[in-house]
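Reader: I should like to learn how to read salt bridges and enclosed spaces in a protein model. Please begin with the general idea and then turn to the case at hand.

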Amino acid sequence: MTLQQEIVGNAMQMAVVNLRLGQTVYCEAGKFLFKTTNVTMETRLSGPSGGGGGGGQQGGRGGMLRQAVGTAMQAGQRALAGESLAFQYFTSTGGEGTVGFAGVLPGEMRALELDGTRAWFAEKDAFVAAESTVQFGIAFQGGRTGRSGGEGFVLEKFTGHGTVIIAGAGNFIDLNPADFGGRVEVDTGCVVAFEEGIQYGVQRIGGLNRQGLMNAVFGGEGLSLATLEGNGRVILQSLTIESLANALRKAQGGDKQGPTGGLFSTGAG
């Protein structure tokens, strides 16, 4: 059954989730806002697929050891990706309960419904909360794509069945590359999430010629753009973390961006 939730607010949205008796939802540490008293809260290092959620001590000591190793590997993978080490789990124990969650930046939230046929990928820190039937993982975008793509190097991956709630900065726009000739090119910081089947990559802006250098130095995008190809849903955000950080520094009299706004900008890294 779909998670009963409502996304409220405008500039800084939050998700209000209504839990049925015994239903569990989990979030990344730091995304919880409030709960009713009949909802229990538990912090674990393991995700819902890591056995830390009531799976029992299968296989005696050997099963416990495998579970501990699996949990440690999950936590280590998230640490390498710069994600939170722990998850918080909320379960309604006395009738229906309510829990509130929010992202960390001013912007929108979105509830995605997984039916088990397609995974979803999202940028770092986009994850807010999900049903316990949704598995959270880390996908490393290797090779040249990851090293060039900045935000694209580490992606959050969601599989299974149920509802997952994500958040981004600014306003969202939904599109399908298939509606635009099969391919779109965007600022690497604008990608929030996309369905499995979309091919994500990074390309250099222009060549090592006069116009290519002009794009890199004065265009505000640096040397690379993200590319999204295929047929599937893509969610983009109108505000990047780097542009927000630059605006805050400028407001505080510490603008380091300079007149070019491009390759030589000392934006958030």
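Author: This is a predicted model. A salt bridge is read from the separation of a side-chain nitrogen of Lys or Arg and a carboxyl oxygen of Asp or Glu, the cut-off being 4 Å. Here Arg183 forms such a bridge with Glu229, with the closest N and O atoms 3.3 Å apart. Because Arg183 belongs to strand E14 and Glu229 to strand E17, the pair ties together parts that are 46 residues apart in sequence.

Reader: With which residue does Glu185 form a salt bridge?

Author: Glu185 pairs with Arg183, the closest N and O atoms being 3.5 Å apart. Glu185 is partly exposed at 44% relative accessibility, and Arg183 is partly exposed at 30%.

Reader: Is Glu195 buried or exposed, and what is its salt-bridge partner?

Author: Glu195 is buried, at 14% relative accessible area. Its partner is Arg118, with 3.0 Å between the closest N and O atoms. Glu195 lies in strand E15 and Arg118 in the loop between strands E8 and E9, so the bridge ties together parts 77 residues apart in sequence. Arg118 itself is partly exposed, at 34%.

Reader: How many salt bridges does the structure hold, and which residues are linked in a network?

Author: There are eight salt bridges. Glu108, Arg110, Asp174 and Arg233 are linked in a network of them.

Reader: How does one read the enclosed spaces?

Author: Rolling a probe the size of a water molecule over the atoms reveals where empty space remains. In this model, two cavities of 30 Å³ or more are counted. The second largest has a volume of about 30 Å³, and its lining includes Glu108, Met109 and Ala167. That lining divides into four nonpolar, four polar and one charged residue.

Note on methods:
Residues are numbered from 1 along each chain as its sequence is written. This is a predicted model: local features need pLDDT of at least 70, side-chain atom pairs count only at pLDDT 80 or more; totals for chains, interfaces and linings use all residues. Side-chain values use heavy atoms; hydrogens and water are left out. On a 1 Å grid over the protein atoms alone, a cavity is a set of points where a 1.4 Å probe fits but cannot get out, and a pocket is an open set with protein on both sides within 12 Å along at least five of seven lines; lining residues have an atom within 4 Å of a point. Grid points are joined across faces, edges and corners, and a volume is the space filled by probe spheres set on the points. Ala, Val, Leu, Ile, Met, Phe, Trp, Tyr, Cys and Pro count as nonpolar, Asp, Glu, Lys and Arg as charged, and the others, Gly among them, as polar. Helices (H or I, at least four residues) and strands (E, at least two) are DSSP runs, numbered from the N terminus. Buried means under 20% relative accessible area, exposed over 50%, partly exposed in between (1.4 Å probe, protein chains only).
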